[in-house]
Amino acid sequence: MRKQEIIVVGGNAAGPSAAAKAKRENPSANVKLFEAGPFISTGTCELPYLFSGVIDDYKKLVFFSPEEFYEEKKVSVYTNHFVESINNREKKIFVVNRNDNSKIDLPYDKLILTTGSKAKIPKDLIGIKNSFTLKNISDFLSIKNYIESNNVRNILILGAGYIGIETAENLRAMNYNVILVEKAELPMPSSEKEISSLVKDRIEKENIELHLQFIDMKFNIRDEKIYSVNLDGRLIDVCMVISSIGVEPNSQLAISSSLAVGKFKGIKVDGKLRTSDPSIYAAGDCIEIKNAVTNQYDYLPLATLAHAQGHIAGSNAAGGNNFNDPVVKNAAVKIFDNVLVSVGLSSIQANQSGFQTKFVDAIVPNLVKVMPGNANTYGKIIYEKGTNRILGAEFFGKSEVIGYGDLISALISKKEKIDFLEKINYNYTPPNSPFINILSVLGRKAKK
C-alpha cells in the first residue's frame with residue numbers, strides 16, 4: 001500500500017507543530033517540511049531581548065535543527081527551500097533549492113500551508129541598505145552585523161506597537177540613541193487611551209526620543225542609505241531604521257494557487273482548517289480565524305494560536321477529525337518594568353463590531369501598601385450594555401496582570417457577565433497579592 005505523502009510549507013510555529021502531529025497521527029506517512037529560510041522551529045517574540053543580552057545567544061532561539069527534528073519527530077526537513085508554486089489539479093508543489101538554485105517538483109496527498117506573516121515596510125525603504133525589519137532570526141543577524149560593522153549611534157524605530165517598544169527598550173539598554181516614531185497620537189495605538197497615555201509616560205522616563213502624530217515624514221537617502229529623517233520640518237540624523245509597523249499574512253502562495261482569502265488577505269479556512277481546496281490545509285499567521293467575541297473572521301497573528309492550529313491541521317491532514325474553536329485574543333507585552341495585557345475587544349473594536357458598550361476602570365495597588373515593591377495597577381473592562389457580557393479588558397501593571405488577562409479570557413469565552421467578577425473568591429497573601437483584587441473592584445463598580 002502506497003504511503004500517504006504530506007507536505008508542510010513553512011517552518012516556524014505552526015509548521016513544525018503540524019508536521020510532528022501529522023507524523024504521530026499517521027506514522028506510516030511520508031511527512032516533509034519545507035522552509036524558505038535557514039532556520040526552523042525558532043522563537044520570534046524573544047528577538048528584541050537578544051540586543052540587550054537578556055538572551056545571550058540567538059542559537060538558544062533555534063529549538064531544532066533539521067537533523068534533530070528528523071531524529072526526534074521522523075519528519076524530513078528542507079531549509080533554504082522556497083516553494084514557489086502549487087499545481088492544485090495535479091497535486092504537486094514546485095520548489096527552488098536556494099543552496100544551488102536547482103528546482104524540483106514533488107507530489108502530495110495533503111498539503112499544509114504554514115507560511116506565516118511578513119513584516120510591513122514603507123515602500124520608500126525597500127532595498128535600502130540600512131533599513132531593517134525584525135521578524136525572524138535572519139533579520140536579527142542582519143541588524144547585529146550592520147551595527148557591528150558601522151559606527152551606529154542613532155537608531156530610528158518606526159512604529160510604537162509591541163515589537164517597536166520592546167526593540168526600543170532593549171537597544172536603549174545598550175546605550176544607543178533611540179528615536180521612536182508613531183503616526184498615531186499615542187504609543188500602543190490599538191490600546192485604550194488611558195493605557196496608551198501610561199505607556200507614553202513610561203517610555204519618556206527612559207530617555208527614548210518619542211515622536212507622535214507626525215504629518216509628514218521624509219527620508220534623506222543617498223547611495224541606497226538613509227542619513228536622516230525629516231519629521232514635520234525637524235531634521236533628525238539616523239544611522240539605521242527598523243520598521244515595526246505591523247505584519248500581514250504571507251498568503252501570496254495561496255493566492256497564486258487560487259485559494260480563497262478573506263478581507264485581511266489571510267487564507268480562508270473552515271473549522272477543520274481546510275482551505276477552499278479540500279486537499280490543502282492551512283494554519284498560523286497566514287490564516288483568518290473566527291473571533292469568539294464577534295463570531296466573525298479576524299486576523300490574530302499570535303504564536304500560541306499558530307502552534308495550536310498546527311496541531312489541528314497536521315492531525316486532520318493525516319486523517320484526524322479535530323476542530324479549531326473560535327478564539328479570544330489574549331496578548332501581553334513587557335514595557336520596561338511593567339506589563340500591558342490586552343484581552344478580547346478594545347472599546348473601538350467593540351463599537352466597530354456593533355456592540356453598545358459600557359466600561360469600568362480602576363487604579364488599585366498590586367500589593368498591600370505596607371509591603372515593599374507595591375505599585376499601582378490600572379485595569380479597564382469593556383462590557384455590553386444591557387446584557388453586561390464581558391467583551392474585553394486591558395491591564396497595565398506588574399507581571400500579575402497576565403493572570404488577570406487569563407481569567408478574563410476564560411470568562412469571555414464562557415460569555416460571563418461582569419457581575420461575576422464580584423463573586424470570585426480571590427487569593428490573598430501580603431507579599432504577592434492585594435487584600436482586594438482589582439477584578440473584584442471592577443465588578444463592584446459595574447454593579448453600582
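## A tour of the five-stranded sheet and helix α4

Begin by selecting the hairpin of β23 and β24, where two residues lie between the strands and F336 takes a positive phi near 55°; strands here are DSSP runs of E of at least two residues, and helices are runs of H or I of at least four residues, both numbered from the N terminus. What is on screen is a predicted model, in which local features need pLDDT of at least 70 and side-chain atom pairs count only at pLDDT 80 or more, while totals for chains, interfaces and linings use all residues. Residues are numbered from 1 along each chain as its sequence is written, and side-chain values use heavy atoms, with hydrogens and water left out.

Staying with this hairpin, follow the six bridges that join the antiparallel strands β23 and β24 (two strands pair if DSSP finds at least two bridges between them), and pick out V333, whose bridge partner in β24 is L340. Now select L340 itself and look across to β27, where F396 stands opposite; β24 and β27 run antiparallel and are joined by six bridges. Because seven of the seven residues of β24 are buried, this strand is largely enclosed by the rest of the structure (buried means under 20% relative accessible area, with a 1.4 Å probe and protein chains only).

Next, select residues 376–384, strand β26, together with residues 390–397, strand β27, which pair in the antiparallel sense over six bridges, and find Y378, which stands opposite F396 in β27.

Then widen the view to the whole open sheet, whose five strands follow the order β23-β24-β27-β26-β25 with antiparallel pairing. At the edges stand β23 (330–335) and β25 (357–365), each with a single partner strand, so one side of each is left without a neighbour in the sheet. From one strand to the next, the twist averages 10°.

Add helix α5, residues 162–172, which packs on the sheet and touches β23 and β24, its direction making about 25° with that of β23; contact means heavy atoms within 4.5 Å, and angles run from 0 to 180 degrees between N-to-C directions of lines fitted to C-alpha atoms, for helices over the stretch in contact. Helix α11, residues 438–447, also packs on the sheet, touching β25, β26 and β27, with its direction at about 140° to that of β25.

Finish at helix α4, residues 137–149, whose buried residues are I137, D139, F140, I143, Y146 and I147.

How values were computed: Buried means under 20% relative accessible area, exposed over 50%, partly exposed in between (1.4 Å probe, protein chains only).
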